[in-house]
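Notebook open, model loaded. I want to jot down what I looked up, one spot at a time.

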Amino acid sequence: MGTTTANLPLRERKIDIFFAVIFSAFTVTSLISDLLPTVGVDFSRPTGNFFVDSNYWYAHDADPLFMHPPDWMRIVTGLSAFVYLPFYVVLVWCLVAGRNGIQLFAVVYATMIVTLTGIVVFGVEFFGAPATRTGNPAKFLAFNLPYVLVPLLLLVRMRRPLPFTRRF
């Protein structure tokens, strides 16, 4: 008969507390930021609406691709708004509850977002046509680099079976 290793309590998995906090924030940003371009809300100028103005403030000097998204970019933001957002909710619950079954889905998610954000979006913003290049690289990276680095860290966290049976 096989033995099973018990999951560590959350208080002993500090990295999972970190992930739960960060992915809770990602849930909010998916809703505030990515939903607007996906559904075609124009935020190319301030309007007095908090969500529109927040996106304008970020994008007007840092992210022309986000400010005026081509169809493919709206698909990327749509993934965030309608696929990643619910995944973040489930992921946070699994991190807190120690549900090892999230491992494969976390690996798939991390691979997808690192590819889409880290390669495609960053590539266009830094090496694409002049009209799509960021005018404020520091601001762009401050807002977008966590969406590459944190999933990479999650990928490392989920590298072996039964991730919640170990601290990292």
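**Arginine 13 and its surroundings**

I started with a polar atom of the arginine 13 side chain, which sits 3.0 Å from the backbone oxygen of leucine 95. A reminder to myself: this is a predicted model.

Where does arginine 13 sit? I find it in the segment before H1. Buried or exposed? Its relative accessibility is 2%, and the cut-off for buried is under 20%, so arginine 13 counts as buried. Next I listed what arginine 13 touches, skipping residues up to four places away in sequence: Leu8, Leu95, Val96, Gly98, Arg157, Phe164 and Arg166. I also checked arginine 13 against phenylalanine 50: they are 37 residues apart in sequence, and their C-alphas are 36 Å apart in space.

**Helix H2**

Phenylalanine 50 took me on to H2, which spans 50-62. I count 13 residues for H2, and the distance from its first C-alpha to its last is 18 Å, close to the expected 18 Å at 1.5 Å a residue. At the N-terminal end I found a cap: a side-chain oxygen of asparagine 49 lies 2.8 Å from the backbone nitrogen of phenylalanine 51.

Which residues of H2 are buried? I get Val52, Asn55, Tyr58, Ala59 and Ala62. I then looked for what covers them, and the cover includes H1 (14-38), H3, H5 and H6 (137-144).

**Aspartate 63**

Just past H2 I stopped at aspartate 63, in the loop between H2 and H3 (64-67). I looked for a salt bridge there and came up empty: aspartate 63 is buried, and the nearest oppositely charged side chain, lysine 139, is 10.0 Å away. What I did find is a polar contact of 2.6 Å between the side chains of aspartate 63 and tyrosine 58. Tyr58 is also on my list of buried H2 residues. With neighbours within four places in sequence left out, the contacts of aspartate 63 are Tyr58, Glu125, Phe140 and Asn144.

**Valine 107**

Last stop was H5, residues 103-127, where I picked valine 107. How exposed is valine 107? I read a relative accessible area of 25%; partly exposed runs from 20% to 50%, so valine 107 is partly exposed. Leaving out residues up to four places away in sequence, I see valine 107 touching Leu155 and Met158. I also took the C-alpha distance from valine 107 to glycine 118: 15 Å in space for 11 residues in sequence.

Technical notes: Residues numbered from 1 in each chain as written. Predicted model: local features only at pLDDT ≥ 70, side-chain atom pairs only at ≥ 80, totals over all residues. Heavy atoms only, no water. Helix = DSSP H or I, 4+ residues; strand = E, 2+ residues; numbered from the N terminus. Buried < 20%, exposed > 50% of the residue type's maximum accessible area, 1.4 Å probe, protein only. Lys, Arg positive; Asp, Glu negative; His and termini not counted. Salt bridge = Lys/Arg side-chain N within 4 Å of Asp/Glu carboxyl O. Polar contact = N/O pair within 3.5 Å; in protein donor to acceptor, adjacent residues only side chain to side chain. Contact = heavy atoms within 4.5 Å. Expected span 1.5 Å × (residues − 1).
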